[in-house]
Amino acid sequence: MEHLDELEREQYWEKIQDALFNEQIDQFRAEFLELHPYDQAKIFETQSEKVRMQIYSYLSSEEIADVMENIDIDDIEPFFSEMTPPFAANVLAEMSTDDAVDILNELDKNKVASFLTIMDKEAAGEIKELLHYEEKTAGSIMTTEFVVLNANLTIKEAMRHLRKEAPEAETIYYTYVIDNQKRLVGVLSLRDLIIAEGDWLVSEVMSDRVVSVPVGEDQEEIAQMMRDYDFLALPVVDFQNHLLGIITVDDIMDVMEEEASDDYSKLAGISDVDGPDDSAFTSAKKRLPWLIILLFLGMLTASLIGRFEDTLDQVAILAIFIPLIAGMAGNTGTQALAVAVRGIATGEFEKQGKWKMIGREAGTGLITGTCCGVLITLIVYFWQGDIFLGLLVGISIMATLIVATIAGSLIPILMHRLKVDPAVASGPFITTINDIISILIYFGMATAFMNLLLH
């Protein structure tokens with residue numbers, strides 16, 4: 001069935017809910033399971049707990065597992081809390097191992113222990129192995145449900161093995177080849193297997209140039225690698241090259257969304273994006289750390305202005321241009337920051353080189369600064385009738401935009417070199433830093449050329 005929009009899902013639910021409420025189990029199952037699991041999930045999560053409990057009783061743990069795999073990980077905890085523990089454990093056992101691990105990481109530790117105790121020993125063992133890996137690493141997002149072939153098998157034997165293992169595997173587009181010590185030695189695509197002669201050996205057909213990642217590799221690096229190579233799956237190995245699992249493209253899409261959300265929250269100057277269910281206290285707790293840091297930086301800006309009190313006393317009109325210059329510095333710095341963080345995240349920074357990127361941003365700052373400087377000089381001159389005041393504000397704007405643009409690109413590059421997430425050079429942070437720079441430039445020039453302003 002084709003993808004349904006929100007209105008179509010509501011209309012479809014109205015059509016099948018009578019079967020649910022009238023306990024016509026077979027009819028409900030036939031119509032509900034006709035939907036794609038994503039649409040099932042969207043309908044399911046909008047229902048009341050009473051309705052969901054009825055749905056649990058009509059569907060098997062395997063069918064509910066398909067629904068749970070299509071619900072956002074941040075919203076899933078209430079559903080497992082309302083299920084009976086044996087049913088919840090069976091649902092987790094039916095899910096892909098990596099998805100089950102993601103869900104268990106969101107649940108209370110006591111519930112996790114209870115589910116693993118009830119669960120089938122084999123499924124529980126696979127899940128426990130992945131739970132031990134550090135979050136946001138290859139080990140934490142890989143799945144152990146994949147097909148491996150021995151290099152000494154014939155293609156005919158390999159196809160027989162693939163048919164046997166395929167129902168439980170997360171993907172069969174790639175099959176990985178191991179030697180007798182279970183070390184990764186090659187990879188075969190499904191196309192390779194189909195077109196090869198039955199009596200050929202796997203070792204003769206496989207590609208031995210296998211791109212793999214260590215089990216402790218950061219998930220963001222893995223996402224970058226899969227994008228660069230256009231892989232559908234990527235093998236995960238230990239330090240002795242033993243094959244431990246694979247990472248599939250659907251997991252990487254989740255990682256990219258998570259990393260984008262994380263970077264966005266850092267650029268906004270908060271520790272994490274506020275959730276719709278967060279309380280006012282939780283939201284404040286996420287935002288306060290950066291705000292307190294920025295508060296102290298703001299006090300530094302205020303103290304700098306205080307040091308130029310004599311200059312302001314002599315030429316009071318200078319004060320009206322402070323917000324303009326500080327605002328322009330913050331805006332251009334944030335633009336340069338966004339370009340630099342994006343370049344680092346997408347790998348463009350490595351391809352271009354840091355000096356080329358900094359040089360380009362400096363050139364951009366020079367052009368934009370000159371244009372804005374000339375424009376504001378003319379505006380101030382015609383407004384106040386003072387060419388020297390106009391030149392002061394214009395030159396200050398030009399110098400500020402050049403310096404702010406360079407700072408906006410240089411700070412994240414420096415943080416990247418220091419192995420610190422460049423996204424922490426957030427918009428509010430770079431804005432405040434550029435406020436300080438702009439105040440120093442503006443009042444420094446005003447003090448130096450005070451005689452011209454007092455003519």
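The expected span of a helix is 1.5 Å times one less than its number of residues. The exercises below apply this and related criteria to a predicted model.

**Exercise 1. Helix H22**

Task: Determine what span is expected for H22 and how far the helix reaches from its first C-alpha to its last.

Solution.
1. H22 contains 31 residues.
2. At 1.5 Å a residue, the expected span is 45 Å.
3. From first C-alpha to last, H22 reaches 45 Å, close to that expectation.
4. At the N-terminal end of H22, the cap is Asp-386, which has a side-chain oxygen 3.0 Å from the backbone nitrogen of Phe-388.

**Exercise 2. Annotated segments**

Task: State which residues UniProt lists as "transmembrane region", and describe the chain over 362–383 and 389–415.

Solution.
1. The unreviewed UniProt entry lists residues 288–308, 314–341, 362–383 and 389–415 under this name.
2. Over residues 362–383, the model is 100% helix and 0% strand, with 30 Å between the end C-alpha atoms.
3. Residues 389–415 are likewise 100% helix and 0% strand, and here the end C-alpha atoms lie 38 Å apart.

**Exercise 3. A nonpolar surface patch**

Task: Identify which residues make the nonpolar surface patch of about 720 Å², and which elements give two or more residues to the patch.

Solution.
1. The patch is made by Val-374, Leu-378, Tyr-381, Phe-382, Ile-387, Phe-388, Leu-391 and Ile-395.
2. Two or more residues come from each of helix H21 (354–384) and helix H22 (387–417).
3. Consider Leu-391, which lies in helix H22. Its relative accessible area is 36%, and patch residues must have over 30%. Leu-391 therefore meets the accessibility criterion, and is classed as partly exposed.

**Exercise 4. Salt bridges and burial**

Task: Report how many salt bridges the model contains, then decide whether Asp-39 is buried or exposed, and do the same for Arg-9, Glu-82, Arg-52, Arg-227 and Asp-228.

Solution.
1. Side chains of opposite charge can pair when their charged atoms come close. The cut-off is a distance within 4 Å from a side-chain nitrogen of Lys or Arg to a carboxyl oxygen of Asp or Glu. The count is eight salt bridges.
2. One of them joins Asp-39 and Arg-9, with an N to O distance of 3.0 Å. This pair links distant parts of the chain, since Asp-39 belongs to helix H3 (residues 37–44) and Arg-9 to helix H1 (residues 6–21), 30 residues apart.
3. Buried means under 20% relative accessible area. Asp-39, at 1%, is therefore buried, and so is Arg-9, at 12%.
4. Glu-82 and Arg-52 also form a salt bridge, at 2.7 Å, N to O. Helix H6 (residues 77–82) holds Glu-82 and helix H4 (residues 49–58) holds Arg-52, again a link between distant parts of the chain, 30 residues apart.
5. With relative accessible areas of 12% for Glu-82 and 10% for Arg-52, both residues are buried.
6. Arg-227 and Asp-228 form a salt bridge whose closest N and O atoms are 3.2 Å apart. Arg-227, at 38%, is partly exposed; Asp-228, at 44%, is also partly exposed.

**Exercise 5. Helix H15**

Task: Establish which residues of helix H15 (residues 219–229) are buried, which residue caps its N-terminal end, and which residue just after H15 takes a positive phi.

Solution.
1. The buried residues in H15 are Gln-219, Ile-222, Ala-223, Gln-224, Met-225 and Met-226.
2. Asp-218 caps the N-terminal end, placing a side-chain oxygen 2.8 Å from the backbone nitrogen of Glu-220.
3. Just after H15, Asp-230 takes a positive phi of about 55°.

Terms used. Residues numbered from 1 in each chain as written. Predicted model: local features only at pLDDT ≥ 70, side-chain atom pairs only at ≥ 80, totals over all residues. Heavy atoms only, no water. Patch = residues over 30% accessible without salt bridge, like charges linked within 9 Å, V, L, I, M, F, W, Y side chains within 5 Å. Areas by Shrake-Rupley, 256 points an atom, 1.4 Å probe, with all protein chains shown as cover. Helix = DSSP H or I, 4+ residues; strand = E, 2+ residues; numbered from the N terminus. Buried < 20%, exposed > 50% of the residue type's maximum accessible area, 1.4 Å probe, protein only. Polar contact = N/O pair within 3.5 Å; in protein donor to acceptor, adjacent residues only side chain to side chain. UniProt positions renumbered as here; feature names shortened; annotations may be inferred.
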